[in-house]
Amino acid sequence: MSLFQKLFQQVNDDNGFNPAPVETGYLGTVKPDPNFNAQNDVAKLKKAIETKGVDEATIVEVLAKKSNAQRQQIKAAYQQSTGKPLADALKKALKSDFEEVVLALLMTPPEYDAFEIKRAIKGLGTNEAVLNEILGTRSNKEIAALKNKFKEVYGEMLEEDIKSEIKGHLETTLVSLCKATRSEDRNIDDGQAKSDAKALFEAGENRIGTVCSVLVDILTNRSETQLCKIFQYYGQLSKDGFAKDLEGELHGNFEDCLMTLVKSAVNKPAYFAERLHLAMKGLGTNTDTLTRIIVSRSEIDLLKIIQEYKRLYGKTLQEDILKETGGDYEKIMLALCGTQ
């Protein structure tokens, strides 16, 4: 039984299912430095960049141990001190995956999301998995912010870019998510949940051919809390449950997109833990995915993702990073994961 089938089984079996409690306390691994001094950090970075061979350890120490807001202050102070952007200086000094992480850390969260989406869309072939991951897991506020940054930086509307590169049901789903109008109400409408569960069942499992518009409408408009209740009621109609039925009815990037919404609703940290595990599984490591998730979740829920990773795979995320990566890239990834 797969990881998410187990999670769905818990939802389906629990007639008294309640939404996951709102986590209290800070769940990020990167915290603001209480002794922060932007001028001191600029001096350290200038010295590290100018050192023969580059002092990567200092760059890790300065950037990975500061909050994003503090890094923005370092960027501004560096520009004021040298008249040049910090990102440009680091681009010249660094290379490879380590450079990618450092530049990602210098971006604000909306800027980084917009950058990753643009990179997924441009060039030969679209990386739909990145679009699914970002648009399928962000809040309305986060999507609105990344759309504004996308327009500001690239001079284009995100929805238009998606429409020009993607067609069919996946396009409809991603454009719907781009609207950033999805319900975020944590209160459950029991009657609506029963009605939606019936509609989903009749759209897929209970008929020949799947009515995709029904799936898209419900999965992109209902809150994550409401979706969990819908999945519970769906489990009373289907012997296999919603996740397995979805996998049986659909395929490809569209299935991946809808499954992202489903998994994110049931357990978002577990979804990201699975993505990280798959990025390091088998031959070669997908450092793009590893970097994107660890950087983007480091001040949100990376602590919870690390806990889910250990629970699901019986080893720590840090152990797998040590095994699958190396050099300065490994060091900065571990620094961002913190010490647990």
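Here are some worked exercises on the predicted model shown above.

Two ground rules before starting. This is a predicted model, so local features need pLDDT of at least 70 and side-chain atom pairs count only at pLDDT 80 or more, while totals for chains, interfaces and linings use all residues. Residues are numbered from 1 along each chain as its sequence is written, and side-chain values use heavy atoms, with hydrogens and water left out.

**Exercise 1. The second largest pocket**

Task: Work out which elements line the second largest pocket, and what classes of residue its lining has.

Solution:
- Start with the term: on a 1 Å grid over the protein atoms alone, a pocket is an open set of points with protein on both sides within 12 Å along at least five of seven lines, whereas a cavity is a set where a 1.4 Å probe fits but cannot get out; lining residues have an atom within 4 Å of a point.
- Next, the volume, meaning the space filled by probe spheres set on the points, with grid points joined across faces, edges and corners. For this pocket that comes to about 280 Å³.
- The lining has 18 residues, and Thr108, Pro109, Pro110, Ser296 and Ile300 are the closest to the centre.
- Helices here are DSSP runs (H or I, at least four residues), numbered from the N terminus. Two or more lining residues come from each of helix 4 (68–82), helix 6 (96–106), helix 7 (109–121), helix 9 (140–154) and helix 17 (287–297).
- Helix 7 gives the most, with four residues.
- For classes, Ala, Val, Leu, Ile, Met, Phe, Trp, Tyr, Cys and Pro count as nonpolar, Asp, Glu, Lys and Arg as charged, and the others, Gly among them, as polar. On that basis the lining splits into nine nonpolar, four polar and five charged residues.

**Exercise 2. The largest cavity**

Task: Find the residues that line the largest cavity and sort them by class.

Solution:
- Two cavities of 30 Å³ or more turn up by this rule, and the largest cavity has about 60 Å³.
- Its lining is made of Asp97, Glu100, Ala104, Tyr112, Phe115, Glu116, Arg119, Thr287, Asp288, Thr291 and Arg292.
- Helix 6, helix 7 and helix 17 each give two or more of the lining residues.
- Sorted by class, the lining has six charged, three nonpolar and two polar residues.

**Exercise 3. The nonpolar cores**

Task: Pick out the residues with the most contacts inside the largest nonpolar core, then follow Leu336 outwards.

Solution:
- Buried means under 20% relative accessible area, exposed over 50%, and partly exposed in between (1.4 Å probe, protein chains only).
- A nonpolar core is a set of buried Ala, Val, Leu, Ile, Met, Phe, Trp, Tyr and Cys residues joined through side-chain atoms within 4.5 Å.
- The largest one has 48 residues, and Ile59, Leu63, Leu90, Ile294, Leu317 and Leu336 have the most contacts inside it.
- Contact means heavy atoms within 4.5 Å. Leaving aside neighbours within four places in sequence, Leu336 touches Thr29, Val30, Ala64, Val101, Leu105, Ile294, Val295 and Leu302.
- Another core, of 47 residues, lies apart from the largest; Ile162, Leu170, Ala193 and Phe231 are among its members.

**Exercise 4. Two helices and their buried residues**

Task: Say why the buried residues of helix 15 line one face, and what covers those of helix 13.

Solution:
- In helix 15 (residues 242–249), Phe242, Ala243, Asp245 and Leu246 are buried.
- Looking down the axis of helix 15, these fall within an arc of 165°, so they line one face of the helix. The arc is that of the directions from the helix axis to the C-beta atoms.
- In helix 13 (residues 212–221), the buried residues are Cys212, Leu215, Val216, Ile218, Leu219 and Thr220.
- Their cover includes helix 11 (168–178), helix 12 (190–203), helix 14 (224–235), helix 15 and helix 16 (252–280).

**Exercise 5. Positive phi**

Task: Place Val54 and Ser96, and decide whether each is buried or exposed.

Solution:
- Val54 isn't a glycine, yet has a positive phi of about 70°.
- Val54 sits in the loop between helix 2 (38–50) and helix 3 (56–64), and at 15% relative accessibility counts as buried.
- Ser96, also a residue other than glycine, has a positive phi near 60°.
- Ser96 is in helix 6, and at 52% relative accessibility counts as exposed.
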